[in-house]
Structures are given as structure tokens and as C-alpha cells.
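This report describes selected features of a protein model for readers at the bench. It considers cysteines, helices, aromatic pairs and a backbone angle in turn.

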Amino acid sequence: MLVIATFENSTFIELAISSLEQKGIPKEQIFAAPLDKRTEPRQLFDTIHRADGFSMFDTAAILGTCFMLLGAIYGYVLKWGPIIWGIIGAVTGLLVGFLIKLWIVKKGQGGSKKITAEIVLMIRCEDYQWETVEKTLWDYTALGMTRIRGDKRGC
């Protein structure tokens, strides 16, 4: 069986490896690999080939529609009429919504630290050792864990 877990880069992973070795898992069956962090900043705009599911235009579209509606309604009593005030409201709402979303994204990148998986730990063990390995890894703050059961030829 192969157990795969992710950890933040801390002393807990060293303690987890030491504890696993003390519980009878040989050093040769434990492998830890650090992950490289992304160096370039995240792109704000999606392309047709790459999308991250985070839209910059949803707030802009909602506010643009609301402001356009208000501009058209109140445009009947204002001097330039409902069409011009509707266009002015739509453009104003789009700009305000886009700037709000841009501010939220920029604030989120410089804000609080997010938990990220920095080290992947792979352990080859027998089926009867699973509960011990699982408890040990959770005790030492693993972020996530899975196990892969192999057949007689593989794991």
C-alpha cells in the first residue's frame, strides 16, 4: 500500500518521519519531496484556453445592470432622457463593479496567509500498518492524505 500525504513546510514533517521510523516503517520506504512555489503572479483575466473559475466581470455585470436600470428609470425626469442616462448608468456600474472586484483581488493576494501544501510525503507500508500511519500523520498536522492499495505485483 502507498500512503500519500501533504504537509506545510515545518518541523512537524520531520517529527512525523521520525515517529514512523520508530513505529517500524523502514527509512527506505519513506519519501518526502518539496514542491516548488509559483514564481509568476496569477493572471487576472481568463483566456479561452485557461480559466481559473474566478471571474472579474460578475460584479461589474450586476452593478452595470442595476445602474442602467436606475438610469433609465430616473432618466424620464432628468434632462437627457432615459436612453442616455441608461448608458451612463451602465458604464458607471461596469467601472465601479470592475474596480471593486480588482480591489478585492489585490487585497486578497496581500492579505492573510493561505494554507498551501509544500511537501508531499509518500510511505510504502503494509495494509495492517495503515491505521498507525494514518493516526501518526494526522497527529503531526497533515493537510491531506490518501492511500493507494496495490495488487500483488505492484505496491
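Cys66 is partly exposed, with a relative accessible area of 39%. The model is a predicted one. Cys125, by contrast, counts as buried at 2% relative accessibility. The count of disulfides, taken as pairs of cysteine sulfur atoms within 2.5 Å, comes to zero.

**Helix 2**

Helix 2 spans residues 58–74 and has 17 residues. From its first C-alpha to its last it reaches 24 Å, close to the 24 Å expected at 1.5 Å a residue. Its buried residues are Ala60, Gly64 and Gly71. Viewed down the axis of helix 2, these buried residues fall within an arc of 35°, so they line one face of the helix. The general geometry is that an α-helix has 3.6 residues a turn, so residues three or four places apart point the same way.

**Helix 4 and its surroundings**

Which residues are buried in helix 4? In this helix, residues 130–139, they are Trp130, Val133, Thr136 and Leu137. They cover an arc of only 140° around the axis, which puts them on the same side of helix 4. Glu131 and Lys135 are exposed on the other side of helix 4.

The buried residues of helix 4 pack against four elements: strand 1 (2–7), helix 1 (11–22), strand 3 (119–124) and strand 4 (144–148). Thr136, which is located in helix 4, gives a detailed view of one buried position. Its relative accessibility is 1%, and Thr136 therefore counts as buried, the cut-off for that class being under 20%. Apart from its neighbours within four places in sequence, Thr136 is in contact with Ala16, Ser19, Leu20 and Lys23.

**Aromatic pairs**

The structure holds two aromatic pairs. In one of them, the rings of Phe57 and Phe98 are stacked, because their centres lie 5.7 Å apart and their planes meet at 20°, where stacking requires planes under 30 degrees apart. Phe57 lies in the loop between strand 2 (30–34) and helix 2, and Phe98 lies in helix 3 (residues 82–109), so the pair ties together parts that are 41 residues apart in sequence. Phe57 is partly exposed, with a relative accessible area of 48%.

The rings of Trp80 and Trp85 also form a stacked pair, with centres 5.5 Å apart and planes at 20°. Trp80 is exposed, with a relative accessible area of 54%, whereas Trp85 counts as partly exposed at 27% relative accessibility.

The two pairs are set out below.

| Pair | Distance between ring centres | Angle between planes | Arrangement |
|---|---|---|---|
| Phe57 and Phe98 | 5.7 Å | 20° | stacked |
| Trp80 and Trp85 | 5.5 Å | 20° | stacked |

**A positive phi after helix 4**

What is the phi of Thr141? The value is near 60°, which is positive although the residue is not glycine. As background, most residues other than glycine have a negative phi. Thr141 comes just after helix 4, in the loop between helix 4 and strand 4. At 40% relative accessibility, Thr141 counts as partly exposed.

**Summary**

In this predicted model, helix 2 has its buried residues along one face, and the buried residues of helix 4 lie on the same side of that helix. The structure holds two aromatic pairs, and the disulfide count is zero. Thr141 takes a positive phi of about 60° just after helix 4.

Methods: Residues are numbered from 1 along each chain as its sequence is written. This is a predicted model: local features need pLDDT of at least 70, side-chain atom pairs count only at pLDDT 80 or more; totals for chains, interfaces and linings use all residues. Side-chain values use heavy atoms; hydrogens and water are left out. Buried means under 20% relative accessible area, exposed over 50%, partly exposed in between (1.4 Å probe, protein chains only). Helices (H or I, at least four residues) and strands (E, at least two) are DSSP runs, numbered from the N terminus. The expected span of a helix is 1.5 Å times one less than its number of residues. The arc is that of the directions from the helix axis to the C-beta atoms. Contact means heavy atoms within 4.5 Å. Rings of Phe, Tyr and Trp (its six-membered ring) pair if their centres lie within 6.5 Å; planes under 30 degrees apart count as stacked, over 60 as edge-to-face and the rest as tilted.
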